Amino acid sequence: MPGDSRCVIVCGKVPRKTSAIPFITGGTYCPDFMYVVKKKSGEKELNIVFETKDVENKTDLRREELVKIDCARVFFDTLTLDGYKVYFRNQLRNKEIQQIIEDVLA
């Protein structure tokens with residue numbers, strides 16, 4: 001964004017099994033994508049994206065995917081309470097990563 005000091009300073013695919021988020025049903029889940037935004041204030045914000053495959057709307061998600069999202073939300077809320085500022089977004093088929101990042105920077 002010209003004239004704006006907010007920017008993405010790092011982004012990438014999260015390697016499988018490097019970040020294990022526990023489920024209430026047992027097992028773990030790894031986020032698909034991450035990026036770090038540097039804000040005007042200099043604060044850095046970690047954002048995690050949970051990609052859902054081939055659905056147009058949240059209402060089209062399978063129950064298992066909804067449970068994964070709920071578990072992730074609790075996990076990251078707990079990290080935030082512990083002093084880590086982490087956000088995560090859900091990516092549906094109709095919303096690309098670039099649009100999610102642009103929404104964060106807006």
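1. A salt bridge is taken here as a side-chain nitrogen of Lys or Arg within 4 Å of a carboxyl oxygen of Asp or Glu. By this rule, the count for the structure comes to 4 salt bridges. The model is a predicted one, and the points below should be read accordingly.

2. The pair Lys39 and Glu45 is a suitable place to begin. Their side chains meet in a salt bridge, with 2.9 Å from N to O. The two partners differ in exposure: Lys39 is partly exposed, at a relative accessible area of 28%, whereas Glu45 is buried, at 4%.

3. Helix H1 holds two further bridges, and Lys68 takes part in both. Glu64 forms a salt bridge with Lys68, their closest N and O atoms lying 3.9 Å apart. Both residues belong to helix H1 and are separated by 4 residues, about one turn of the helix. Glu65 also forms a salt bridge with Lys68, and here the closest N and O atoms are 3.6 Å apart. Glu65 and Lys68 are 3 residues apart in helix H1, again about one turn.

4. The exposure of these helix residues may be read alongside the bridges. Glu64 is partly exposed, with a relative accessible area of 48%. Lys68 has 14% relative accessibility and therefore counts as buried, the cut-off being under 20%. Glu65, at 12%, counts as buried as well.

5. How are these bridges connected to one another? Salt bridges that share partners join Arg62, Glu64, Glu65 and Lys68 into one network. In general terms, side chains of opposite charge can pair when their charged atoms come close.

6. The nonpolar residues form a separate topic. The largest nonpolar core has 14 residues, of which Met34, Ile48, Leu61, Phe76 and Phe88 touch the most other members. Three elements each supply at least two residues of this core: strand E4 (33-38), helix H1 (63-81) and strand E6 (86-91). The largest share, 3 residues, comes from H1. Helix H1 thus appears in both parts of this note, since it contributes to the core and also contains Glu64 and Lys68.

7. Which residues does the second core include? This core is separate from the one just described and has 8 residues, among them Val37, Ile100, Ile101 and Val104. As a general matter, nonpolar side chains in soluble globular proteins tend to be buried together.

How values were computed: Residues numbered from 1 in each chain as written. Predicted model: local features only at pLDDT ≥ 70, side-chain atom pairs only at ≥ 80, totals over all residues. Heavy atoms only, no water. Core = buried A, V, L, I, M, F, W, Y, C linked by side-chain atoms within 4.5 Å. Buried < 20%, exposed > 50% of the residue type's maximum accessible area, 1.4 Å probe, protein only.
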